[in-house]
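Hi,

Here's the structure I promised to pass on. Have a look at it first, and then read on for what turned up.

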Amino acid sequence: MTYPATNSFVDIDGDCSADLVVSSCTTSSNTVEQFCEQPQFHFFLNKNAELTYKQSFKPPKGAGQMSWVDFDRDGNIDLVIPVCYPQPTCSQENYIAIYINQQVRQFCQRN
């Protein structure tokens, strides 16, 4: 797990069930005192109450804690990540990365 921890239960695929996103650190020098310079995010989709691995991706070096918002107002939840490298000065990288969820929206149906 990365430090600071950045894990989420969020409906990524729009099926009204909570999916899981977990972050890990790809550098071996990660300790509680250090910031993970290169995290990796792992996506697990909830299908019929079972989490199934979907994919992983590496955000930019210096990525911080993930946040979720429907940034483009299309009904899909999008990923927002602050990027600061190196910590704590942000002298090389200092911006907000936005990843637009481009999946086809599924609509929930409750019986």
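Four aromatic pairs turn up in this structure, which is a predicted model. Take Phe-41 and Phe-57: their ring centres are 5.7 Å apart and their planes sit at 75°, so this pair is edge-to-face. The cut-off behind that name is simple, as planes over 60 degrees apart count as edge-to-face. This pair also links distant parts of the chain, since Phe-41 belongs to strand β3 and Phe-57 to strand β4, with their positions 16 residues apart in sequence.

Stay with Phe-57 for a moment. Which residues does Phe-57 touch, if you skip those up to four places away in sequence? They are Gln-40, Phe-41, Phe-43, Leu-79 and Tyr-99. For Phe-43, you can also check the spacing: Phe-57 and Phe-43 are 14 residues apart in sequence, and from C-alpha to C-alpha they are 8.6 Å apart in space.

Now for the sheet that these strands belong to. A bit of background: strands of a sheet pair through backbone hydrogen bonds, and they can do so in parallel or antiparallel fashion. Here you have an open sheet of four strands in the order β1-β2-β3-β4, and the pairing is antiparallel. Which strands are at the edges? Those are β1 (8-10) and β4, each of which pairs on one side only. Going from one strand to the next, the twist averages 25°.

In the middle of that order, β2 (residues 19-25) pairs with β3 over six bridges, in the antiparallel sense. If you want a spot to zoom in on, find Leu-20, which stands opposite Phe-44 in β3.

Last stop: the pockets. Rolling a probe the size of a water molecule over the atoms shows where empty space is left. The largest pocket holds about 270 Å³ of space. It is lined by 14 residues, and the closest to its centre are Ile-12, Phe-43, Gln-55, Asn-101 and Gln-103. So you meet Phe-43 again here, having already seen Phe-43 among the contacts of Phe-57.

Which elements give two or more residues to the lining of this pocket? They are β3 (39-47) and β4 (50-57), and β4 gives the most, with three residues. By type, the lining residues of the largest pocket divide into nine nonpolar, four polar and one charged.

Have fun clicking around!

Cheers

Key:
Residues are numbered from 1 along each chain as its sequence is written. This is a predicted model: local features need pLDDT of at least 70, side-chain atom pairs count only at pLDDT 80 or more; totals for chains, interfaces and linings use all residues. Side-chain values use heavy atoms; hydrogens and water are left out. On a 1 Å grid over the protein atoms alone, a cavity is a set of points where a 1.4 Å probe fits but cannot get out, and a pocket is an open set with protein on both sides within 12 Å along at least five of seven lines; lining residues have an atom within 4 Å of a point. Grid points are joined across faces, edges and corners, and a volume is the space filled by probe spheres set on the points. Ala, Val, Leu, Ile, Met, Phe, Trp, Tyr, Cys and Pro count as nonpolar, Asp, Glu, Lys and Arg as charged, and the others, Gly among them, as polar. Contact means heavy atoms within 4.5 Å. Two strands pair if DSSP finds at least two bridges between them. Axes are lines fitted to C-alpha atoms, for helices over the stretch in contact, and angles run from 0 to 180 degrees between N-to-C directions. Rings of Phe, Tyr and Trp (its six-membered ring) pair if their centres lie within 6.5 Å; planes under 30 degrees apart count as stacked, over 60 as edge-to-face and the rest as tilted.
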